[in-house]
Every structure is written in C-alpha cells, then in structure tokens.
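Visitor: Before we go through the labels one by one, could you show me the model itself?
Guide: Here it is, and after that we can ask what each label rests on.

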Amino acid sequence: LFKLWRLNFRLGWPERARGLHYWLGYEYALALDLLDLPPGARLLDVGTGAYSTFPYLLTHLRGPRVVASDIAPGIQRQRQIRRRAIRAGRARPRQVRLLQADARHLPLASASFDAVTALSTLEHVRGLHGDRQALQEIARVVRPGGAVLLTLPFRAYGTLLELDDRRQLYQRHFSNETLWTSLLQPSGLVEEHHIYYRERLPFYRLYRRLPRWLTWLHRPWDTLLSYLLLEEVTNPAAADAILVLLRRP
C-alpha cells in the first residue's frame, strides 16, 4: 500500500491531491500480491478509468507491457498520467498503451495476453448479460494458462441491480448463484483462488454524504488507510466484495 501511495504521490498534481480511493487501494494491493508476471509479460487492464494508477504501478513493479482499456472517453486523461509516469522514471515510452473499447467487444487478438485484470469493472457493464459477455471476451484474449483477476461487489443472498440517480452509476451486486453459475462457469475459466472482504465500518455510506470539497482533504491519504477500513473475511454472508483469481485451461 505504501508503494501504491508513493507512486500516486510522485505522479504529481492533480493525482497527488486526488489520491486513490481506499477500496481501489485495497483491491490493488490484493491483486499485486496474487499476480506473478514474468519480465516482459503482456497484461490487459479492463475498466482502467480516467485516473487509475494501476497500469503504472504494474509497470514500476513488474515490468510488463500494459494495455489499459475502458469504454469511457475519459480514459484519454490517462495520457497525461502516462507522460508524468515516464518523466518520473516509473514507465518506459510505449510500455503502456491506452485503448478506448467496449469490454464486450475487445479489438484485440485471441490468446494475446499473459494476464487480464478487471478490478471493480464487470459490475458496471450494461446490458442483461453484459458482465458475462465481457468476461467471455476476457477469456478469449488471455492465453492458455494465463491468469484473470476480478474484483466484484458481493451479496451472499439474492442479486441487486442498482442505479444511483445522483451518480448515474449502474452496478450489479453478485450473489453465489449469479457469480458462479451465471458469470464464471460460462466463461470456461477455472477458479484458482478467491478472497472475501468487507468494510470494517460503514464508511462508504458516510463518504457518499460528504461535501465534495471535504473529500479533497482525506483522499490523498485514503490508500494508506485501506487496511484500517477494510478486512478479509471467511464467511460469505459477511462479505461486501470478492476477489477471484481465474486461470484459462
């Protein structure tokens, strides 16, 4: 987590002031612990977003070639972050490629990546089976033996589709049935490991009620607080989210 925070801080303004959301900080730390990429590996990050530092952290720690993909035009803001990462010596030119694309229809060759990450992504793919289509595309582009790492909201019982009117956020909350039967099995990927985790306190509900100006005071430090605000659990009924490590046979 300290390496994550340090990278974001060294990228300069505005990343320094914006910080990294504590949920993402926690998930990135888990992902980096589980991913074992050889030098020069090809990695696809689906749902990178406009400000994610994940591709640059991977570049700094592991040295792979990264394709960062997102459907939103805001991903172009990553170009500025990439330039700062190169100036700071955290990435090499042409090591991070930005791609604006729909996760359900990736314009990428089959079996062309050693690993794929989709952190807090598939729950936002629109359409009745948009999440399933996106994961099947991910399974197509990862090579045999390659790793796929997902993080998803989790509810032990039932399925919830949420559309927040204030934030216009489309989001699924997966249950055991929808996760394993409706999403993972149709992809043909094989589960290797999973981790349940949750918030220790209902901080996210409080966070959403804070005035926007106040979030600028705590966001630079969110990443360092991740392990204080979230924790792993063994009981699915107590989980708020799940990390799943999959492998293509």
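Guide: A good place to begin is Glu27, which touches Ser120, Thr151 and Tyr197 when residues up to four places away in sequence are not counted. Please keep in mind throughout that this is a predicted model.

Visitor: Where does Glu27 lie, and why is Glu27 called buried or exposed?
Guide: Glu27 lies in helix 3. Its relative accessible area is 3%, and the word buried applies under 20%, so Glu27 counts as buried.

Visitor: What makes Ser120, one of the residues that Glu27 touches, buried, exposed or partly exposed?
Guide: The relative accessibility of Ser120 is 24%; because buried requires a value under 20% and exposed a value over 50%, Ser120 counts as partly exposed. Ser120 lies in the loop between strand 4 and helix 6, residues 130-141, and has a phi near 50 degrees, a positive value in a residue other than glycine.

Visitor: Why is a positive phi worth pointing out in residues other than glycine?
Guide: Most residues other than glycine have a negative phi. Arg94 also goes against that pattern, with a positive phi of about 70 degrees although it is not a glycine. Arg94 is found in the loop between helix 5, residues 78-87, and strand 3, and since the threshold for exposed is over 50%, its relative accessibility of 84% makes Arg94 exposed. A glycine with a positive phi, of about 75 degrees, is Gly63, just after helix 4.

Visitor: How do you know which strands are the edge strands of the sheet?
Guide: The sheet is open and has 8 strands in the order 3-2-1-4-5-10-8-9, with mixed pairing. Strand 3 (96-100) and strand 9 (230-233) are its edge strands, for each pairs on one side only. From one strand to the next the twist averages 20 degrees.

Visitor: What makes strand 8 and strand 9 a pair?
Guide: Two strands pair if there are at least two bridges between them, and strand 8 (residues 190-199) is joined to strand 9 by 4 bridges, the two running antiparallel. One of the partnerships links Arg198 to Glu231 in strand 9.

Visitor: Which helices pack on this sheet?
Guide: Among them is helix 3 (residues 22-34), which touches strand 4 (113-119), strand 5 (142-153), strand 8, strand 9 and strand 10 (241-247), and whose direction makes about 150 degrees with that of strand 8. Helix 7 (residues 176-187) packs on the sheet too, touching strand 5, strand 8 and strand 10, and its direction makes about 25 degrees with that of strand 10.

Visitor: Why is strand 10 described as largely enclosed?
Guide: Of the 7 residues in strand 10, 6 are buried, so the strand is largely enclosed by the rest of the structure. Strand 10 is antiparallel to strand 5, with 7 bridges between them, and Leu149 has Leu245 as its bridge partner in strand 10. Another 7 bridges join strand 10 to strand 8, also in the antiparallel sense, and there Val190 stands opposite Arg247.

Visitor: How do you know that helix 3 and helix 4 meet, and what is the hand of their crossing?
Guide: Tyr28, Ala31 and Leu32 in helix 3 meet Phe54, Leu57, Leu58, Leu61 and Arg62 in helix 4. The axes of helix 3 and helix 4 (residues 54-62) come within 12 Å and cross at roughly 35 degrees, and the crossing is right-handed. The buried residues of helix 4 are Phe54, Pro55, Tyr56, Leu57, Leu58 and Thr59.

Visitor: What makes you say that the charged end of Arg42 sits over a ring?
Guide: The ring is that of Phe113, and the charged end of Arg42 sits over it, 4.5 Å from its centre; the cut-off for that distance is 6 Å, and the label also asks for a position within 35 degrees of the ring normal. As for rings that pair with one another, a search of the whole structure finds 6 aromatic pairs, and Trp23, Tyr26, Tyr197 and Tyr227 form one aromatic cluster.

Visitor: How much of the whole chain is buried?
Guide: Buried residues make up 53% of the 249 residues, in a chain that has 10 helices and 10 strands.

Technical notes: Residues numbered from 1 in each chain as written. Predicted model: local features only at pLDDT ≥ 70, side-chain atom pairs only at ≥ 80, totals over all residues. Heavy atoms only, no water. Axes fitted to C-alpha atoms, helices over the stretch in contact; angles between N-to-C directions. Contact = heavy atoms within 4.5 Å. Phe/Tyr/Trp six-rings, centres within 6.5 Å; stacked < 30°, edge-to-face > 60°. Buried < 20%, exposed > 50% of the residue type's maximum accessible area, 1.4 Å probe, protein only. Left-handed = near helix turned anticlockwise from the far one by under 90°.
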